[in-house]
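Dear colleague,

I am passing on the structure we spoke of, and I would be glad if you could read the notes below with the coordinates open beside them.

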Amino acid sequence: MKLYKRKPDDRAPLGQPDPYMIKAGDGRYYIYVTGNPGPQLFCSDSLLDGWEYKGCCLEAPGQKNCWAPCVIEIDGKYYMYYSSMDEDSDDEHGQTMRVAVADCPGGPFRFVKNLLPPFSIDPHMVVTPSGMYLFYCVNEYEAQRVGTVVMCDKMTDLFTMEGKPVCVIRPTLDEEIYQRDRFKKGEHWHTIEGAFYFNQGNTHYLMYSGACHQNPTYFIGYSVAHGDPDADLRTLDWKKFPDDTTYAPLLSKNDFVEGMGHNSVIFDNGTCYIVYHGRDIGDINLPEDARSARIDEMKIDGDVLSVEVTR
């Protein structure tokens, strides 16, 4: 279901793509979404209603087109991992991974450091018993299926990557094609992006989005690995569910929502929820890219995840 209900003369952006939700130390819920010039913030005292728009929450002079912010709380401070372009750049492949810090979940977050060179997008920072890890996406040009892949690297601290990344998910399906003949005839560009990791005991889940959000096959899928909770996430044997050759989306276009993708996950009062974006089908008054933040309960049964999409 939709999380944010627009009001007349609302100043909030029409879309809330790439929603990343946290429950902060103050007991409130926060959603950070893609925005220009910086990430847009929504907050609420309740998980499922009462969401309010708070505006841009990042101070990053000289940057624009902030994509897919991820926020993590460590020792009372809040760290935002995101990608953005330099203000004077027109090349979307100039997206650069960066980190910003704030004293409270509402910001303002202030830019601290670049983490990776362009093109690098869609961070997910996680803390496990074996340390901190950053999942992110880069382009892979020399492969059977060229396109964007998910990488994982360990962090030596909150601002420094170890520099030993491993590819954990890459394209294997035609349904993951972003655009046919994108850069040259006969070479189709694939996209695997928007990684989100969580675990339940010895079962590890790595969620992702495939294809282009404008394509009918755009979807949320996931990979599964088994290993100790304190395992190095780069060493796990990640396998797409149910396998590399079967298109079996967890979420994809249905009768009333399309463009479902780029999710986060939150556990609240013993229930697991998936937070994602999607467009209402048939609403001709909204622009094509007006993807709303949505939430639904997600069931976990061993390796199997399932979601019943609600209106």
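What follows describes the pockets, one strand residue, an open sheet, the nonpolar cores and the cavities, in that order.

Please keep in mind throughout that this is a predicted model.

**Pockets**

The largest pocket has a volume of about 720 Å³, and of the 30 residues that line this pocket, Trp67, Glu92, Tyr178, His213 and Arg291 are the closest to its centre. Two or more lining residues are given by each of strand 6 (63–74), strand 10 (121–128), strand 15 (177–184) and strand 16 (187–200), and the largest share, four residues, comes from strand 6. By class, the lining of the largest pocket divides into 11 nonpolar, 12 polar and seven charged residues.

The second largest pocket has a volume of about 520 Å³. Its lining consists of 23 residues, and those nearest the centre are Tyr20, His124, Phe196, Tyr197 and Val265. The elements that supply two or more residues to this lining are strand 1 (20–23), strand 6, strand 10, strand 16 and strand 21 (257–268), with strand 10 giving the most, five residues. In the lining of the second largest pocket, 17 residues are nonpolar, three are polar and three are charged.

**Methionine 125**

Within strand 10 you will find methionine 125. This residue has a relative accessible area of 2%, and is therefore classed as buried, the cut-off being under 20%. Leaving aside neighbours within four places in sequence, methionine 125 is in contact with Tyr20, Cys70, Ile72, Tyr81, Met132, Tyr133, Leu134, Met155 and Leu158. Tyrosine 136, which lies 11 residues from methionine 125 in sequence, is placed 8.7 Å from methionine 125 in space, C-alpha to C-alpha.

**The open sheet**

Five strands form an open sheet with mixed pairing, and their order is 5-9-8-7-6. Strand 5 (58–59) and strand 6 stand at the edges, and because each has a single partner strand, one side of each is left without a neighbour in the sheet.

Taking the pairs from the strand 5 edge, strand 5 runs parallel to strand 9 (residues 109–114) and is joined to strand 9 by two bridges; here leucine 58 stands opposite phenylalanine 109. Strand 9 also pairs with strand 8 (residues 96–102), this time in the antiparallel sense and over four bridges, and arginine 98 has asparagine 114 in strand 9 as its bridge partner. Strand 8 and strand 9 form a hairpin with six residues between them, and in the turn glycine 107 has a positive phi of about 80 degrees. At the other edge, strand 6 and strand 7 (residues 77–86) are antiparallel and share eight bridges, with valine 71 facing methionine 80 of strand 7 as its bridge partner.

**Nonpolar cores**

The largest nonpolar core has 57 residues, and the members that touch the most others are Phe109, Met207, Leu250 and Met298. Phenylalanine 109 is thus a residue to look at twice, since it is also the one opposite leucine 58 in the sheet. Methionine 298, again without counting neighbours within four places in sequence, is in contact with Phe198, Met207, Leu250, Val265, Cys272, Tyr273, Ile274, Leu305, Ser306 and Val307. There is also a second, separate core of 21 residues, including Cys137, Tyr197, Tyr208 and Ala231.

**Cavities**

A search of the whole structure finds three cavities of 30 Å³ or more. The largest has a volume of about 70 Å³ and is lined by 13 residues, of which Tyr20, Pro123, Ala195, His262 and Asn263 lie nearest its centre. Strand 6, strand 10, strand 16 and strand 21 are the elements that give two or more residues to the lining of this cavity, which divides into seven nonpolar, four polar and two charged residues.

The second largest cavity holds about 50 Å³ of space. Its lining is made up of Leu173, Glu176, Tyr208, Phe219, Gly221, Lys240, Phe241, Asp243, Thr246, Tyr247 and Ala248, and by class these are six nonpolar, two polar and three charged residues. Tyr208 appears in this lining and is also listed in the second nonpolar core.

With best wishes

Terms used: Residues are numbered from 1 along each chain as its sequence is written. This is a predicted model: local features need pLDDT of at least 70, side-chain atom pairs count only at pLDDT 80 or more; totals for chains, interfaces and linings use all residues. Side-chain values use heavy atoms; hydrogens and water are left out. On a 1 Å grid over the protein atoms alone, a cavity is a set of points where a 1.4 Å probe fits but cannot get out, and a pocket is an open set with protein on both sides within 12 Å along at least five of seven lines; lining residues have an atom within 4 Å of a point. Grid points are joined across faces, edges and corners, and a volume is the space filled by probe spheres set on the points. Ala, Val, Leu, Ile, Met, Phe, Trp, Tyr, Cys and Pro count as nonpolar, Asp, Glu, Lys and Arg as charged, and the others, Gly among them, as polar. Buried means under 20% relative accessible area, exposed over 50%, partly exposed in between (1.4 Å probe, protein chains only). Contact means heavy atoms within 4.5 Å. Two strands pair if DSSP finds at least two bridges between them. A nonpolar core is a set of buried Ala, Val, Leu, Ile, Met, Phe, Trp, Tyr and Cys residues joined through side-chain atoms within 4.5 Å.
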